[in-house]
Amino acid sequence: MRAYRARVDDGVAAALAASNLARLPGPALHRLLTRGRLVRVPAGSVTHREGEMTEHVELVVDGLVRVFVTAPDGRSLTVRYARRGALLGVVSMYAAGFRMPAGIQAVVDAELLRLCPDVVRRAAAEDPHVADALMHELADRVLSFVQEIPGSAFSSVRQRVARHLLDLASQESWTSRGAPLVLTVPVRQRELAQAVGSVREVVVRVLRDLRESGVISTHRDHIDILDPVRLSREQGGTWVPVAPSR
């Protein structure tokens with residue numbers, strides 16, 4: 001963890017540009033960075049747990065983070081995947097008696113810029129530009145969670161497969177096989193088809209497309225997720241381009 005003052009490196013600059021804070025004038029943006037901390041979060045780490053009474057405002061600088069709820073039997077359901085530019089925790093500053101309604105976990109190694117809630121709240125009270133940016137952020141969160149309802153009911157098999165693989169991977173161990181981190185999901189294709197409410201033949205086609213795109217590799221009794229960030233984009237229907245042949 002290190003203090004983050006006036007200097008904005010390329011990674012943080014890109015994350016800010018992708019966030020709702022991008023609309024802020026320079027002085028207002030630098031004010032928000034006062035007392036900020038840049039932290040690295042190892043894959044699998046839970047940074048906030050359900051029920052915590054913790055105000056927090058965090059910007060995802062790099063990696064992939066999920067917001068999830070947990071059932072009494074231990075199963076978890078992801079309600080949001082947050083990539084570079086995503087803001088987390090803005091609602092915690094304004095909800096009376098706030099308790100974390102969900103947990104937050106790094107799916108892969110992540111970097112977060114933790115802003116000081118007191119600084120952000122004071123800036124919003126005194127600067128209409130900051131207040132406007134935060135209102136846009138809260139509006140985006142409301143719309144995204146409302147869209148989860150039809151999304152869960154009417155999403156494509158491809159989207160359901162992507163989400164289920166990431167959910168399973170988030171509950172497994174993270175292993176490094178030499179160079180990049182690989183998320184291994186111990187699931188067979190027939191089990192995956194049953195879990196997403198489809199038939200094996202359709203799921204096989206989806207997995208083949210994702211494999212040819214370089215997002216996953218498939219094996220007899222498990223699936224390796226090679227690019228979790230690209231796979232997370234599948235939930236919104238974003239096409240993953242096929243990797244050029246070698």
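**View 1. Strand S4 and the strands beside it in the predicted model****.** Strand S4, made up of residues 57–62, is largely enclosed by the rest of the structure, because five of its six residues are buried. Strand S9 (residues 110–115) runs antiparallel to S4 and is joined to it by five bridges, and within this pairing the bridge partner of Val57 is Leu115. Strand S7 (residues 87–88) also runs antiparallel to S4 and is joined to it by two bridges, with Glu58 standing opposite Leu88.

**View 2. The salt bridge between Glu137 and Arg141 in helix H4****.** The closest N and O atoms of Glu137 and Arg141 lie 2.8 Å apart in this salt bridge. Both residues belong to helix H4 (residues 128–154), and because they are four residues apart there, about one helical turn separates them. Is Glu137 buried or exposed? Glu137 is buried, since its relative accessible area is 4%, which falls under the 20% limit used for that word.

**View 3. The salt bridge between Asp209 and Arg158****.** Here the closest N and O atoms are 3.7 Å apart. Asp209 lies in helix H7 (residues 200–212) and Arg158 in helix H5 (residues 157–170), so the pair ties together parts of the chain that are 51 residues apart in sequence. Asp209 is partly exposed, with a relative accessible area of 28%, whereas Arg158 is buried, with a value of 16%.

**View 4. The salt bridge between Asp227 and Arg230, and a network of three residues****.** Asp227 and Arg230 form a salt bridge in which the closest N and O atoms are 3.8 Å apart, and Asp227 is partly exposed, with a relative accessible area of 22%. Glu55, Asp118 and Arg121 are joined into one network by salt bridges that share partners. A search of the whole structure finds 10 salt bridges.

**View 5. Confidence along the chain****.** The mean pLDDT of the chain is 84, and 85% of its residues reach 70 or more. Among the elements of the chain, helix H3 (residues 117–126) has the highest mean pLDDT, at 97, while strand S10 (residues 174–176) has the lowest, at 48. Over residues 175–179 the pLDDT is below 50, and this stretch has eight contacts in the model beyond near neighbours in sequence. Residues 237–246 also have pLDDT below 50, with 14 contacts beyond near neighbours in sequence. Where pLDDT is low, the predicted coordinates should not be read in detail.

Conventions: Residues are numbered from 1 along each chain as its sequence is written. This is a predicted model: local features need pLDDT of at least 70, side-chain atom pairs count only at pLDDT 80 or more; totals for chains, interfaces and linings use all residues. Side-chain values use heavy atoms; hydrogens and water are left out. Buried means under 20% relative accessible area, exposed over 50%, partly exposed in between (1.4 Å probe, protein chains only). Two strands pair if DSSP finds at least two bridges between them. pLDDT is the predictor's confidence in each residue, from 0 to 100. Contact means heavy atoms within 4.5 Å. A salt bridge is a side-chain nitrogen of Lys or Arg within 4 Å of a carboxyl oxygen of Asp or Glu.
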